[in-house]
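This briefing concerns the surroundings of a ligand and the packing of two helices in a predicted model. Please read it alongside the sequence and coordinates.

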Amino acid sequence: MTRRVAFVTGGGRGIGAATARRLAAAGVAVVVADRDLDAARAVAAAVDGLAVRVDVSRPDEVDAAVDEAVAWGGGLHFAYNNAGVPGVRAELGVYPDEVFWRVQRVNVGGVFACMRAELRHMLAAGGGSIVNAASGAGVGGVAGAGAYVASKHAVIGLTRTAAVEYASRGVRVNAVAPGLVRTAMVDGLEDFEAAHPIGRAATPEEVAEAVWWLLDGGSSFVTGAVVPVDGGLTAQIPGLS
Ligand SMILES: NC(=O)c1ccc[n+]([C@@H]2O[C@H](COP(=O)([O-])OP(=O)(O)OC[C@H]3O[C@@H](n4cnc5c(N)ncnc54)[C@H](O)[C@@H]3O)[C@@H](O)[C@H]2O)c1
């Protein structure tokens with residue numbers, strides 16, 4: 001059986017690292033891509049995968065990293081475009097320009113550049129499956145997080161567009177939209193856990209499980225979907241729950 005190969009950005013820690021471990025447990029050969037090469041190496045070593053340094057906001061680096069992944073694995077079947085940054089907490093009236101654009105370059109530009117590189121290889125090979133990291137902040141506003149919210153809405157737009165463009169050519173494209181997940185990114189946001197009807201934040205492993213379902217053949221008729229993994233956060237009518 002030919003081995004299946006996955007490219008995971010932001011795989012050095014948090015949800016990306018949990019997804020790399022989940023994929024490896026399913027027998028997938030995993031390329032752990034991160035701007036933090038030491039972190040990527042630690043995860044890759046544990047899953048017998050390849051570590052690659054990449055800043056996803058740099059399209060040239062993304063192209064090189066995806067090429068390296070394909071050369072190592074002999075193909076590319078799955079991709080989880082997960083690298084992302086939160087920006088700062090500030091209202092839009094005073095939101096700093098440079099942070100706003102940095103968030104767009106990483107969260108939106110990164111997903112765009114990654115999908116473009118991944119699609120090139122997947123189309124040449126006859127198909128593949130891509131999952132992008134959206135967020136509950138991709139389907140509604142969050143006070144103080146304007147740059148992040150804008151970026152995650154854009155990720156959902158890119159996901160739906162790619163799904164429609166490539167559905168007939170064997171590539172499925174979906175997104176996960178987590179609520180709060182216990183990772184370094186959300187240090188200090190513990191108070192927000194109570195807003196989730198389930199009453200707690202997710203573990204990275206719970207998100208990884210949804211990513212794996214979307215990547216693998218079990219979701220063969222699912223494309224263009226934005227799957228909430230948020231303990232009911234975005235299902236509730238605010239104020240009535
Ligand atoms: N943690 C949450 O509550 C939560 C909720 C919803 C969505 N998300 C999204 O899930 C994804 C992962 O979140 P996390 O909590 O695991 O984050 P994290 O901060 O724990 O890990 C992010 C990883 O991405 C890497 N990274 C950051 N910028 C990069 C860049 N430019 N190029 C390459 N790698 C880069 C970091 O080095 C790090 O290893 C993000 O897109 C985030 O927006 C997280």
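A backbone N or O atom of Gly179 lies 3.4 Å from an oxygen atom of the ligand, a polar contact (a pair of N or O atoms within 3.5 Å). Taken alone, the ligand exposes 830 Å², of which the protein buries 96% (Shrake-Rupley areas, 1.4 Å probe). In this predicted model, local features need pLDDT of at least 70 and side-chain atom pairs pLDDT 80 or more, whereas totals for chains, interfaces and linings use all residues. Residues are numbered from 1 along each chain, and side-chain values use heavy atoms, without hydrogens and water.

**Ligand contacts and shell**
- Asp34 places a polar side-chain atom 2.6 Å from an oxygen atom of the ligand.
- For Arg35, a backbone N or O atom lies 3.2 Å from a nitrogen atom of the ligand.
- The ligand is surrounded by 28 residues (a heavy atom within 4 Å), and the closest are Arg13, Asp34, Tyr148, Val181 and Thr183.
- The shell divides into 15 nonpolar, seven polar and six charged residues (Asp, Glu, Lys and Arg count as charged; Gly counts as polar).
- At least two shell residues each come from helices H1 (14–25), H4 and H5 (146–166) (DSSP runs of H or I, at least four residues).

**Packing of H3 and H4**
- Helices H3 (residues 59–73) and H4 (residues 97–125) pack at about 35 degrees, with axes 9 Å apart (lines fitted to C-alpha atoms over the stretch in contact; angles run from 0 to 180 degrees between N-to-C directions).
- Residues in contact (heavy atoms within 4.5 Å) include Val62 and Val66 in H3, and Ala113 and Ala117 in H4.
- Seven nonpolar, one polar and five charged residues form this contact of H3 with H4.

Conventions: A polar contact is a pair of N or O atoms within 3.5 Å; within protein, one must be able to donate a hydrogen and the other to accept it, and residues adjacent in sequence count only if both atoms are side-chain atoms.
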